[in-house]
Amino acid sequence: MGDNDWPEDIHFANGLWVCANDYGQIYTSADLAIWTLRYDAPLPWILTSIDYQNGRWVVVGGANGEGDTKGFEGGNIVTSTDGINWIDQVPVEKSAFVGEVAYRLSPIAYGGGQWIGATSGYGGFFRSVDGLNWSHNSAFLIDALPKVQNEAEYQIGIWIVPLQDGTILMSTL
């Protein structure tokens, strides 16, 4: 990775390190010494969260608010089955978000047979059973929700999502 590539998230699975950054790029490494650029976003995106489950890498993020987004202001999803070849999935459009400041998905986590992705802004959680197709998750749908921290966790059958105001959301979905 270059000197100015600020990693947003890094994850190890299946013998491979995958790192996403705030320039919309995905790098991989087998040894943490040599990194190879595998994906470079076609729009000014920030890639903020990575997870791997059931043979699929999922990386999420969204518009960074700079440059020409070609009218897109929503959450982007990039997937791979091998960590080398990446595919842009149908993005979560801004219109699907609740509130005015939700422009990207972050964090992402897997548990209980599903993925969840929270918005970086207010009031939205999305879920997917395959990492490819996402829908609004009404279990966490709360208007004017404080910003989600860049973390979500699934343990003992409970989703745990910390908010920036110190609140911790919990749900069994």
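# A tour of an all-strand model

D88 has a relative accessibility of 38%, so this residue counts as partly exposed. Please keep in mind from the start that the structure is a predicted model.

D88 makes a good place to begin. The residue belongs to strand 8. Once neighbours within four places in sequence are set aside, D88 touches Y39, P42, W45, I77 and V78. One of these, Y39, deserves a closer look: 49 residues separate D88 from Y39 along the sequence, while their C-alpha atoms are 9.8 Å apart in space. The two side chains also meet, in a polar contact of 2.3 Å.

What about Q89? This residue sits in the loop between strand 8 (87-88) and strand 9 (105-111). Is Q89 buried or exposed? Its relative accessibility is 19%, and because buried means under 20%, Q89 counts as buried. Leaving out neighbours within four places in sequence, the contacts of Q89 are I77, T79 and L132. With T79 there is a polar contact between side chains, at 2.7 Å. I77 appears in the contact list of D88 and in that of Q89.

## The chain as a whole

Stepping back, the secondary structure consists of 15 strands and zero helices. The chain has 173 residues, of which 46% count as buried. Among contacts with a separation of 6 or more, 39% join residues that are 24 or more positions apart. The exposed surface comes to about 8,300 Å², and 50% of that is supplied by carbon and sulfur atoms.

## Two open sheets

Let us turn to the sheets. One open sheet holds four strands in the order 1-2-3-4, paired in the antiparallel sense. Strand 1 (7-13) and strand 4 (36-40) are at its edges; each has a single partner strand, so one side of each is left without a neighbour in the sheet. On average, and ignoring direction, neighbouring strands here are turned by 20° against each other. Six bridges hold the antiparallel pairing of strand 1 with strand 2 (residues 16-21). Following A13 across to strand 2, you will find L16 as its bridge partner.

Another open sheet of four strands runs in the order 9-10-11-12, and its pairing is antiparallel too. Here the edges are strand 9 and strand 12 (135-136), each of which pairs on one side only. Strand 11 (residues 125-128) and strand 12 run antiparallel and are joined by two bridges. Across from R127, in strand 12, stands S135.

## Aromatic pairs

Next come the rings. A pair of aromatic rings is described by the distance of the centres and the angle of the planes. Searching the whole structure turns up three aromatic pairs. One of them joins F12 and W17: the ring centres are 4.8 Å apart and the planes stand at 50°, so this pair is tilted. F12 is partly exposed at a relative accessible area of 43%, and W17 is partly exposed at 25%. Another pair, Y110 with W115, is edge-to-face. Both Y110 and W115 are buried, whereas F12 is partly exposed. The table sets out the geometry of these two pairs.

| Pair | Centre to centre | Angle between planes | Kind |
|---|---|---|---|
| F12 and W17 | 4.8 Å | 50° | tilted |
| Y110 and W115 | 5.0 Å | 70° | edge-to-face |

## Two loop residues with positive phi

Finally, a look at the backbone. Most residues other than glycine have a negative phi, and most peptide bonds are trans. Against that background, which residue has a positive phi near 65°? That is L32, a residue other than glycine. L32 lies in the loop between strand 3 (25-29) and strand 4, and its relative accessible area of 44% makes this residue partly exposed.

N54 is not a glycine either, yet its phi is positive at about 50°. Where is N54 placed? The answer is the loop between strand 5 (45-53) and strand 6 (56-63). With a relative accessibility of 63%, N54 counts as exposed, while L32 counts as partly exposed.

Terms used
Residues are numbered from 1 along each chain as its sequence is written. This is a predicted model: local features need pLDDT of at least 70, side-chain atom pairs count only at pLDDT 80 or more; totals for chains, interfaces and linings use all residues. Side-chain values use heavy atoms; hydrogens and water are left out. Two strands pair if DSSP finds at least two bridges between them. Axes are lines fitted to C-alpha atoms, for helices over the stretch in contact, and angles run from 0 to 180 degrees between N-to-C directions. Buried means under 20% relative accessible area, exposed over 50%, partly exposed in between (1.4 Å probe, protein chains only). A polar contact is a pair of N or O atoms within 3.5 Å; within protein, one must be able to donate a hydrogen and the other to accept it, and residues adjacent in sequence count only if both atoms are side-chain atoms. Contact means heavy atoms within 4.5 Å. Accessible areas come from the Shrake-Rupley method with a 1.4 Å probe; for residues, only the protein chains shown count as cover. Rings of Phe, Tyr and Trp (its six-membered ring) pair if their centres lie within 6.5 Å; planes under 30 degrees apart count as stacked, over 60 as edge-to-face and the rest as tilted.
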